[in-house]
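Me: I have a chain to go through and would like to ask about its parts one at a time. Please reason briefly and end each reply on what I asked for.

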Amino acid sequence: MADIFDRLVKNYGPIGQHRERAHGYFAFPKLDGEIGNKMKFRGKEMIVWSLNNYLGLANHPEVRKADTEATEIYGLASPMGARMMSGNSNFHEQLEAELAAFEQKEDAILMNYGYQGIMSTIDAICGRHDVIVYDAESHACIIDGLRLHPGHRYVYKHNDLEDCEKQLERATALIDKQGSGGILVITEGVFGMAGDQGKLTEIVALKSKYSFRLLVDDAHGFGTLGETGAGAGEAQGCQDGIDLYFSTFAKSMASIGAFLAGPRVIIDFIRYNIRSQIFAKSLPMPFVIGNLKRLDLLRTKPELKAKLWANALKLQKGLKERGFDIGKTDSVVTPIYMKGGVEEATAMVMDLRENYHIFCSIVVYPVIPKGHIIYRLIPTAAHTDEDIEQTLKAFSETKAKLVAGAYQVEAIPDMADAR
Ligand SMILES: Cc1ncc(COP(=O)(O)O)c(C=O)c1O
């Protein structure tokens, strides 16, 4: 019999295999200092483009005050137990009511994390005869939710409405044959890697032809899109057609937790049947009170979203003018597509960090095809014009070096922390 541990240490996985050179630098880096446009990395000040602190709320004085006061009053323990048993509070219910109203839905339910939340939502609402039709580029938490689904699931090519319709036809035919079950379509409001919005209006329009319910994970759209910041549904004028609207608090809200909003009877069903919440301790009070304050600022300070967009558009325009390929983004997420191997990508990142003091995230094979590199820049309301100018200059210079072959190295540079 094999020892499970033996197998694990033989293959650390696609990223783990580089850990001896990468740990603490390319993977698991430690950013120090106050969360903002500039932070310290290995003692050097960097312009940081990898935090989803879209509205700059992480260090907003009112947010810090609310977080601190709530922690002083309640600590991290309160309330104890799962919501259903002993962990409910007026603050939890107030936050749910405010989120529902903001999203123009009847009710909402809080969840401790987005990842668990969406997985568990899929598990709670879909039975074995139901069919899930989903976008091929859905986030890992949606994919893991699908793994819990005992019935059929049909994937459609990313944002390809023709293929979506084809899968809806297949799903409808299967359900007709089974004589039971329904269809759930799942997509994202904004796809976090490429920054393109899900085609929500078009998907909602398919409801006139097919019978299905729509679940949208709007992690990157909540707070950043739509006139009031209510997200991609509001931006596309189809919020009513989204049956279940989901977002994490980990991005615009710069916090922890998540919520799902929808019809009261369905949210109530979920409240009494969602395993990740029923069998887990409820969100601690400082998070709930801190999230109430964040939601208040998100609603009442439109200047934060305006600044975020001004920065994003300035960055995106500057990149396009300099000949960079930023793909199809129509959100603030700003990818830069380049060609090169994993080793070159890491050498370029090292140059960006060490000599230009720019800290951004990279995406390489196997997440994307071999030979491609995506630098993913996340603008926030906290960035300045100077940050943008410095970054544009750094990318122009390092791209020229990449094209000239200056980053062709044998292996990933050894930058690991001593362990
Ligand atoms: C689309 C999407 N859904 C869910 C999550 C997970 O949220 P959380 O960090 O609250 O678990 C993320 C976070 O990366 C995300 O991008």
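Me: In which segment does Tyr407 lie, and is Tyr407 buried or exposed?
Reply: This is a predicted model, in which local features need pLDDT of at least 70, side-chain atom pairs count only at pLDDT 80 or more, and totals for chains, interfaces and linings use all residues. Residues are numbered from 1 along each chain as its sequence is written. Tyr407 lies in the segment after helix 15, where helices are DSSP runs (H or I, at least four residues) and strands are runs of E (at least two), numbered from the N terminus. A residue is buried if 20 or more other C-beta atoms, placed from the backbone, lie within 10 Å of its own, exposed if 12 or fewer, and partly exposed in between; Tyr407 has 21 such neighbours, so the term is buried.

Me: Which residues does Tyr407 touch, not counting residues up to four places away in sequence?
Reply: Contact is defined by C-beta atoms, placed from the backbone, within 7 Å. The C-alpha atoms of Tyr407 and Met350 are 9.8 Å apart, with their positions 57 residues apart along the chain. By the contact criterion, the residues touched by Tyr407 are Glu344, Ala347, Met348, Lys401 and Leu402.

Me: Is Met348 buried or exposed, and with which residues is Met348 in contact, leaving aside neighbours within four places in sequence?
Reply: Met348 belongs to helix 14 and has 22 C-beta neighbours inside 10 Å, so it counts as buried. Its C-alpha atom is separated by 8.4 Å from that of Lys399, 51 residues apart along the chain. Outside the four-place window, the contacts of Met348 are Thr398, Leu402 and Tyr407.

Me: At what angle do helix 14 and helix 15 pack?
Reply: Two packed helices are described by the angle between their axes and the distance between the axes. Axes here are lines fitted to C-alpha atoms, for helices over the stretch in contact, and angles run from 0 to 180 degrees between N-to-C directions. For helix 14 (residues 342–356) and helix 15 (residues 385–403), the axes are 11 Å apart and the angle is about 145°.

Me: Which residues make the contact of helix 14 with helix 15, and how do they divide by type?
Reply: Helix 14 contributes Glu344, Met348, Asp351, Leu352 and Tyr356, and helix 15 contributes Ala394, Thr398 and Leu402. Ala, Val, Leu, Ile, Met, Phe, Trp, Tyr, Cys and Pro count as nonpolar, Asp, Glu, Lys and Arg as charged, and the others, Gly among them, as polar. On that basis the contact holds five nonpolar, one polar and two charged residues.

Me: Which domains does the assignment give, and how many residues of domain 1 are in contact with domain 2?
Reply: Domain bounds come from an automatic or database domain assignment, which gives domain 1 (7–54 + 302–403) and domain 2 (59–300). Their C-alpha centres lie 27 Å apart. Domain 2 puts 18 residues into the contact, and the number from domain 1 is 20.

Me: Which elements give two or more residues to the side of domain 1 that touches domain 2?
Reply: The residues on this side divide into eight nonpolar, seven polar and five charged. The elements that give two or more of them are helix 13 (302–321), strand 11 (334–339) and strand 14 (372–377).

Me: Which residues touch the most other members of the largest nonpolar core?
Reply: A nonpolar core is a set of buried Ala, Val, Leu, Ile, Met, Phe, Trp, Tyr and Cys residues joined through C-beta atoms within 7 Å. The largest has 110 residues and draws at least three from each of domain 1 and domain 2. The residues that touch the most other members are Val133, Ile183, Leu184, Phe259 and Leu260.

Me: Which peptide bonds are cis?
Reply: Most residues other than glycine have a negative phi, and most peptide bonds are trans. Pro79 sits in the loop between helix 3 (61–74) and helix 4 (90–102), and Pro366 in the loop between strand 13 (361–363) and strand 14. With omega near -10° and near 10° respectively, the cis bonds include Ser78 to Pro79 and Tyr365 to Pro366.

Me: What is the phi of Arg42?
Reply: Arg42 lies in the loop between strand 2 (38–41) and strand 3 (44–48). It is partly exposed, with 15 other C-beta atoms within 10 Å. Although Arg42 is not a glycine, its phi is positive, at about 50°.

Conventions: Contact = placed C-beta atoms within 7 Å.
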